[in-house]
Amino acid sequence: MITMGRHILHLRFDLPAEPDAELPERLRRLLEGITPRVQMIEPNMAVVDLTGALPYWKLLLGLRGCGVTLLEGASLGAGR
């Protein structure tokens, strides 16, 4: 049996000094469009578990063979 580690993304948002009261909820809904496993820690921080979503996004975006590397503990980004 092959086991896969967790892929957790820690996010900190650079919000305006006086953000719209609904902005944290809108950010949460945006993140839930990627994966349902979202935890808002404060209005400007979130933890997202990408483990179950990665195979879907790899397939959808065709990331295999396009030069984008997924690293343990790192987020998706353009290859460096």
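The legends below describe close-up views of one predicted model.

**Figure 1. Overview of the chain and its secondary structure.** The chain holds two helices and three strands, and along the sequence these elements follow the pattern β-α-β-β-α. Of its 80 residues, 22% count as buried. The accessible surface of the chain is about 6,200 Å², and carbon and sulfur atoms contribute 56% of that area. Among contacts with a separation of 6 or more, 46% are between residues 24 or more positions apart.

**Figure 2. Confidence along the predicted chain.** The average pLDDT of the chain is 74, and 66% of the residues score at least 70. The pLDDT is below 50 over residues 66-80. In the model, the stretch 66-80 has twelve contacts beyond near neighbours in sequence.

**Figure 3. The buried side of helix 1.** Helix 1 spans residues 23-32, and L23, L27 and L31 in this helix are buried. These three residues lie on the same side of helix 1, because they cover an arc of only 75° around its axis. An α-helix has 3.6 residues a turn, so residues three or four places apart point the same way. The buried residues of helix 1 pack against three elements: strand 1 (8-12), strand 2 (38-42) and strand 3.

**Figure 4. The largest nonpolar core.** Ten residues make up this core: L9, F13, L23, L27, L31, V38, A46, V48, L50 and L54. Helix 1 and strand 3 each supply at least two of the core residues. Helix 1 gives the largest share, with three residues. In soluble globular proteins, nonpolar side chains tend to be buried together. One of the core members, L9, is found in strand 1. L9 counts as buried because its relative accessibility is 19%, which is under the 20% cut-off.

**Figure 5. D49 and its polar partners.** D49 is found in strand 3. With a relative accessibility of 8%, D49 counts as buried. Its side chain makes a polar contact of 2.3 Å with the side chain of R6. The side chain of D49 also makes a polar contact with that of T51, at 2.7 Å. Setting aside neighbours within four places in sequence, D49 is in contact with R6, H7, I8, T35 and R37. R6 therefore appears both in this contact list and as a polar partner of the D49 side chain, where the distance is 2.3 Å. The C-alpha atoms of D49 and L9 are 6.3 Å apart in space, although the two residues are 40 residues apart in sequence.

**Figure 6. T51 and G52 in the loop after strand 3.** The loop between strand 3 (45-49) and helix 2 (54-61) contains T51. G52 has its place in the loop between strand 3 and helix 2 as well. Which of these loop residues is buried, T51 or G52? T51 counts as buried, because its relative accessibility is 8%. G52 is exposed, with a relative accessible area of 65%. The T51 side chain has a polar contact of 2.7 Å with the side chain of D49. For G52, the view includes H7: the two are 45 residues apart in sequence, and their C-alpha atoms are 8.6 Å apart in space. H7 is also among the residues in contact with D49.

**Figure 7. Y56 in helix 2.** Y56 is found in helix 2. At 47% relative accessibility, Y56 counts as partly exposed. How far apart are the C-alpha atoms of Y56 and I34? They are separated by 9.7 Å, with the two positions 22 residues apart along the chain as the sequence separation.

Methods. Residues are numbered from 1 along each chain as its sequence is written. Side-chain values use heavy atoms; hydrogens and water are left out. Helices (H or I, at least four residues) and strands (E, at least two) are DSSP runs, numbered from the N terminus. Buried means under 20% relative accessible area, exposed over 50%, partly exposed in between (1.4 Å probe, protein chains only). A polar contact is a pair of N or O atoms within 3.5 Å; within protein, one must be able to donate a hydrogen and the other to accept it, and residues adjacent in sequence count only if both atoms are side-chain atoms. Contact means heavy atoms within 4.5 Å. pLDDT is the predictor's confidence in each residue, from 0 to 100. Accessible areas come from the Shrake-Rupley method with a 1.4 Å probe; for residues, only the protein chains shown count as cover. The arc is that of the directions from the helix axis to the C-beta atoms. A nonpolar core is a set of buried Ala, Val, Leu, Ile, Met, Phe, Trp, Tyr and Cys residues joined through side-chain atoms within 4.5 Å.
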